[in-house]
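Colleague: Please take me slowly through one part of this model, as you would for someone who works mostly at the bench. I'd like a close look at the interior, followed outward to whatever borders it.

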Amino acid sequence: MDERTKITLDESEIPRRWYNVIPDLPAPPPPPLHPGTGQPVGPEDLAPLFPMELIRQEVSGERYLDIPDEVIDVYRLWRPTPLFRARRLEQALGTPARIYYKYEGVSPAGSHKPNTAVPQAFYNAAEGTRRLTTETGAGQWGSALAFACAQYGIDCEVWMVRASYDQKPHRRTLMRTWGATVHASPSPVTAAGAKVLADHPDSPGSLGIAISEAVEVAAADPNTRYALGSVLNHVLLHQTVIGEEALKQFAAAGERLPDVVIGCTGGGSNFAGLFLPFLREKLAGRADPVIRAVEPAACPSFTRGIYAYDFGDTAGFTPLMKMHTLGHDFIPDPVHAGGLRYHGMSPLLSHMYELGLFEAVAKQQRECFAAAVTFAKAEGILPAPEPSHALAAIIEEAKRCTASGEEKVLLTALCGHGHFDMTAYERYLAGEIPDFELSQSRVDAALSSLPTVG
């Protein structure tokens, strides 16, 4: 086994194909439905929002899809990303476990999000799109899309959830530096946002509301399309470069494949990007990892939501998707992990969860910040609040290994750094970070407005 701390690959080893898990599943996922007809949506229903190549990828039955050379050229700015052996964290915990993390914080935007932002901007530019609209929670997706649009000369307009807009001002500055226009959501710019503000002037916002605003603007302009940073199949597809590289890096290090793979989940892109190639190995009988999703206790779609058809946005502009959902009217508490504040989960991941292909747990944010500080003291990298959820679960698993003496190999994706999250860390260090108790009555109220299907 390799003694290196950082396992790196050459640029020539950037994956040339994205992996599509759908052909390998024991059953296909349910299709999205048109909210008016109740019938499966077709390409013509999605064409006002997405370029045809992304629509093709969304419904593809091919196991692998080639990555365009033009996308690889931009990927070279940060890919391949390093795989770290967290030796100092292992020592700090006194664990026999071997802990690895795939570090996506080396990208220009500081997270995994450019892995899909770049191809989305590329395909839109190729089809003549002049402007992309989108939502963002913590700002990582918005900044990634702003960066990607700058590479291809496309205008970018972002609706940033109000809670994060206020908590993370430097994310706004980063987006604007790359040329994007940024609105706090809910905003008076759209009918969807104005309606929320009329009813709740102090609304902290939600990803569902921000999606409604971005979709509303895109649908009204033939030169504008919409880009989504998580949830959809093509987004998860693009992120599989993370796991594909990690497989090569484990081989390069002479390490066996992980016994446990853990990732944080909001809409599911980071988690999927890490684990899907490892799941392929598991389904083929070449590995047998436990795969665990970790979500915030304040927005627990896997662990407390229901599996049902629901809108992807608050206003009901999107197709109906069968997913684990807390209800499209659900407004999460303003936890600092803004990227995990989404009422629903990726339909593909929701389907896989129903098939029993992975497990899920929920964490409170104080435990997650404590894990992030432990990690930062040992490894030196300040994690974003989102991956701190996965780190809390990794530390929990490592302590189990300490008690049992098992030398398990553990893997997670550190999907972004926390350099723009200093307000959150200041509040935590001052003892001002609360845990939010989500009452069942709030969940029941939001679920009461689920659309009727069939």
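Modeller: Happy to; what follows starts with the main core and moves out to its surroundings.

This is a predicted model, in which local features need pLDDT of at least 70 and side-chain atom pairs count only at pLDDT 80 or more, while totals for chains, interfaces and linings use all residues. Residues are numbered from 1 along each chain as its sequence is written, and side-chain values use heavy atoms, with hydrogens and water left out.

The largest nonpolar core has 36 residues (a core being buried Ala, Val, Leu, Ile, Met, Phe, Trp, Tyr and Cys joined through side-chain atoms within 4.5 Å; buried is under 20% relative accessible area, exposed over 50%, partly exposed in between, with a 1.4 Å probe and protein chains only). Trp-18, Tyr-75, Val-118 and Leu-145 have the most contacts inside this core. At least two residues each come from helix 3 (69-75), helix 5 (114-126), helix 6 (140-152), strand 7 (155-161) and strand 8 (181-185) (DSSP runs numbered from the N terminus: helices H or I of at least four residues, strands E of at least two). Helix 6 gives the most, with seven residues. The core lies between domain 1 (6-13 + 67-110 + 233-448) and domain 2 (19-64 + 114-226), because both of them give residues to it; the bounds come from an automatic or database domain assignment.

Tyr-75 is a good place to stop. Beyond residues up to four places away in sequence, Tyr-75 touches Ile-14, Trp-18, Ile-67, Pro-114, Asn-115, Val-118, Pro-119, His-238 and Val-241 (contact means heavy atoms within 4.5 Å). Apart from this core lies another, of 34 residues, among them Leu-25, Leu-348, Ala-360 and Val-409.

Next comes Lys-113, in the loop between strand 5 (98-103) and helix 5. UniProt lists Lys-113, in an unreviewed entry, for "modified residue: N6-(pyridoxal phosphate)lysine"; such annotations may be inferred rather than shown by experiment. Lys-113 is buried, with a relative accessible area of 11%. Setting aside neighbours within four places in sequence, Lys-113 is in contact with Gln-140, Trp-141, Ala-144, Gly-229, Ser-230, Gln-239 and Ser-269.

Val-231 sits in the loop between strand 9 (224-226) and helix 11 (233-239). Val-231 is not a glycine, yet has a positive phi of about 75°. At 4% relative accessibility, Val-231 is buried.

Strand 7 and strand 8 also belong to an open sheet of four strands, in the order 8-7-6-9 with parallel pairing (strands pair if DSSP finds at least two bridges between them). Its edges are strand 8 and strand 9, each pairing on one side only. Strand 7 and strand 8 pair over five bridges, and Val-161 stands opposite Ser-185 in strand 8. Helix 8 (169-177) packs on the sheet, touching strand 6 (131-136), strand 7 and strand 8, and its direction makes about 170° with that of strand 7 (axes are lines fitted to C-alpha atoms, for helices over the stretch in contact, with angles from 0 to 180 degrees between N-to-C directions). Helix 10 (207-219) lies across strand 6, strand 7, strand 8 and strand 9, at about 170° to strand 6.

Finally, two prolines. A cis peptide bond with omega about 10° joins Ser-185 and Pro-186, and Pro-186 lies in the loop between strand 8 and helix 9 (191-199). The bond from Arg-79 to Pro-80 is cis too, with omega near -5°; Pro-80 is in the loop between helix 3 and strand 4 (83-85).
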